[in-house]
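Me: I would like a close look at a single part of the structure below, followed outward from there into its surroundings. Please take it slowly, and state each cut-off where it is needed.

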Amino acid sequence: MHIIARRAAIGFCSPVLISLCTSTLTGSRSLCTMAELSSQQVVFNKPKVELHVHLDGAIRVETILDVAKRRNIHLPANTVEEMRQIIILQQPATLTMFLGKFEEYMHVVAGDREAIKRMAYEFVEDKAKERVIYVEVRYSPHFLANTKVDPIPWNQSEGDLSPDEVVHLVNEGLSKGERAFKVKARSILCCMRHMPSWSMDVVELCKKYQHEGVVAIDLAGDESLNCEANSEHRKAYEEAVRCGIHRTVHAGEVGPPSVVKEAVEVLKAERVGHGYSTLEDQVLYKKLLAQNMHFEICPVSSKLTGACNPDFTKHPVITFRKDKANYSLNTDDPLIFNSTLDLDYNTAHKYMGFTEEEFKRLNINSAKSCFLPEKEKKELVNRLYEAYGMECSTAF
C-alpha cells in the first residue's frame, strides 16, 4: 500500500535509487554517481504481471499539478520536482508516515470526475511502458468520492460524486487505456479496516461491477483492527464468498502472523497482500505453502514503510524464493516510493539472488493466481509461456 523506469534511465536521480545504491552490507554511505544511475539495466525486459498496486498511489505528479490548477486548489509547491520532494518518502519510515503522504495530494483528485478517469487511463499507459501485460489495480472508491460516504474524506465539501460513480469512472479510464495500450487492466475494491461501515457498500459494488472490470475485494489499513471485532468486514467477506467474489487481504505487512491467519481462515482470502510476518509462524507458513497461497510481495515498498529489514539481503522474499513459494513482485505505491516495477525487479536481482528463470516462474505463478475468469486466465498463462519460450505445462 505506484512512475516509469525510463525516468531513471534518463538520469533522474530518485531518492529510492540512491538509497538502493548505498551499500547495505558494509554500512557505507557512498552513493551511486549519476552515470551509474543512468546506466541501470532493466534485468527482466519481458512481459510481466502485477497484482498489488494502488491507483491512488500511482498518480503522476504532473496530473496532480494540472488538476490543482484547473480546480484552483493551492498546493505547497508549483513544480513537478518540488511537489515530488514533498510526496516522496525519502527514507525508511513507519507505515503511519507513509500513509500521511496521501494527505498531500488526495484532496486534489478526490471528487473530480475528469481527474479520476484520467489517472486510471494514465496508469495503464505507465504499466505498458514497464511491459506489464496484465495488472490488477486496487483502490477505495469511498476515498475518491464526496457524497454518499460518511465521513467525507480529505476535508472535502459535500458534492455529487458517489463511490458507485467513482467505480464507473475508473472502469472507463482503465478500459480506454486497455484499448490504447494493449494492457489488460482489472480492478480490486478496497475496504478500510478503520471504516467498517463502508465494507458492505464495497462488496455490493464488487457485485454490481464484477462483469465490468472489478475482479475482487480487498481489506487494507491498520492491521491492529482485527476483523473478529469489526464484524462488518467479516460480513462483507462472507457475502463475497457467497457471491463468488474473489478475495485478497493486506496482512502480515507490519502486523503479526495472527493477522495473516485471520485473513485466510476468517475472511477466506485467496491471496495475501505482503504477508512477510508469516515466516514468524512456521506452522502457518508451511500450511500456506502446502495450500499454494499466493503472497503479493512489494520489495521497495517493504523497505520504505519499515515493514521489513532495510537490508534487502535479509528480505523475507528470499525465503519464499528458496522454498518455491507462490508469490508476485509488485510496486504497491510507486508515486510515494518514486519507484517502478523495473526497480523492484532490479532490487530482487541485485540483492536477493533472483535470476531470469525465477522471474519467469513468479510471473507464471502470478498469472495462475490472478482473479480473471478461468478462460482468460489460461490465455494469459499461455501468453507468458509463449513469450518466455517455454513449453506450456499441462497442469494448470
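Reply: Contact, the term on which this description rests, means heavy atoms within 4.5 Å. The structure is a predicted model, in which local features need pLDDT of at least 70 and side-chain atom pairs count only at pLDDT 80 or more, while totals for chains, interfaces and linings use all residues. Residues are numbered from 1 along each chain as its sequence is written, and side-chain values use heavy atoms, with hydrogens and water left out.

The part I have chosen is the pair formed by helix α8 (residues 113–129) and helix α9 (residues 163–181). Helices and strands are DSSP runs numbered from the N terminus, the helices being H or I with at least four residues and the strands E with at least two. On the α8 side the residues that meet α9 are Arg-113, Ile-116, Lys-117, Ala-120, Tyr-121, Phe-123, Val-124, Glu-125 and Ala-128. Facing them in α9 are Glu-165, Val-166, Leu-169, Val-170, Glu-172, Gly-173, Leu-174, Lys-176, Gly-177, Glu-178, Ala-180 and Phe-181. The axes of α8 and α9 come within 8 Å and cross at roughly 35 degrees, where an axis is a line fitted to C-alpha atoms, for helices over the stretch in contact, and an angle runs from 0 to 180 degrees between N-to-C directions. The crossing of α8 past α9 is right-handed, that is, the near helix is turned clockwise from the far one by less than a right angle, whereas an anticlockwise turn would be left-handed.

Helix α9 also packs on a sheet, where it touches β2, β3 and β4 (214–220), and its direction makes about 155 degrees with that of β3. Helix α10 (residues 199–208) lies across β3 and β4 and runs at about 160 degrees to β3. The sheet itself is open and has eight strands in the order β1-β2-β3-β4-β5-β6-β7-β8, with parallel pairing; two strands pair if DSSP finds at least two bridges between them. Its edge strands, β1 (48–54) and β8 (326–329), each pair on one side only, and neighbouring strands are turned against each other by 25 degrees on average, direction ignored. Under α9, strand β2 (residues 132–139) runs parallel to β3 (residues 184–192) and is joined to it by six bridges, and Glu-136 stands opposite Arg-186 in β3.

The loop between β2 and α9 deserves a careful look on the way into the helix. Lys-148 lies in this loop and has a positive phi, near 55 degrees, although this residue is other than glycine. At 70% relative accessibility, Lys-148 counts as exposed, the scale being buried under 20% relative accessible area, exposed over 50% and partly exposed in between, with a 1.4 Å probe and protein chains only. Pro-151 lies in the loop between β2 and α9 as well, and the peptide bond that joins Asp-150 to Pro-151 is cis, with omega about 0 degrees.

On the other side of the pair, α8 is one of the elements against which the buried residues of α4 pack, together with α5, α7 (106–109) and α16 (334–337). Those buried residues are Val-61, Thr-63, Ile-64, Leu-65, Val-67 and Ala-68. Just after α4, Asn-72 takes a positive phi of about 55 degrees, and the loop between α4 (61–71) and α5 (80–87) goes on to include Pro-76. With 58% relative accessibility, Pro-76 counts as exposed, yet beyond its neighbours within four places in sequence it is in contact with Met-83, Ile-86 and Glu-104. The C-alpha atoms of Pro-76 and Glu-104 are separated by 8.8 Å, although the two residues are 28 apart along the chain.

Helix α16 leads back to the edge of the sheet, since Asp-332 lies in the loop between β8 and α16. Asp-332 has a positive phi of about 75 degrees without being a glycine, and, with a relative accessible area of 0%, Asp-332 is buried. Strand β8 is covered on both faces, with Asn-326 and Ser-328 buried on one side and Tyr-327 and Leu-329 buried on the other. Four bridges join β8 to the parallel strand β7 (residues 294–297), and Leu-329 is the bridge partner of Ile-297. For context, the secondary structure of the chain comes to 19 helices and eight strands, and 58% of its 396 residues count as buried.
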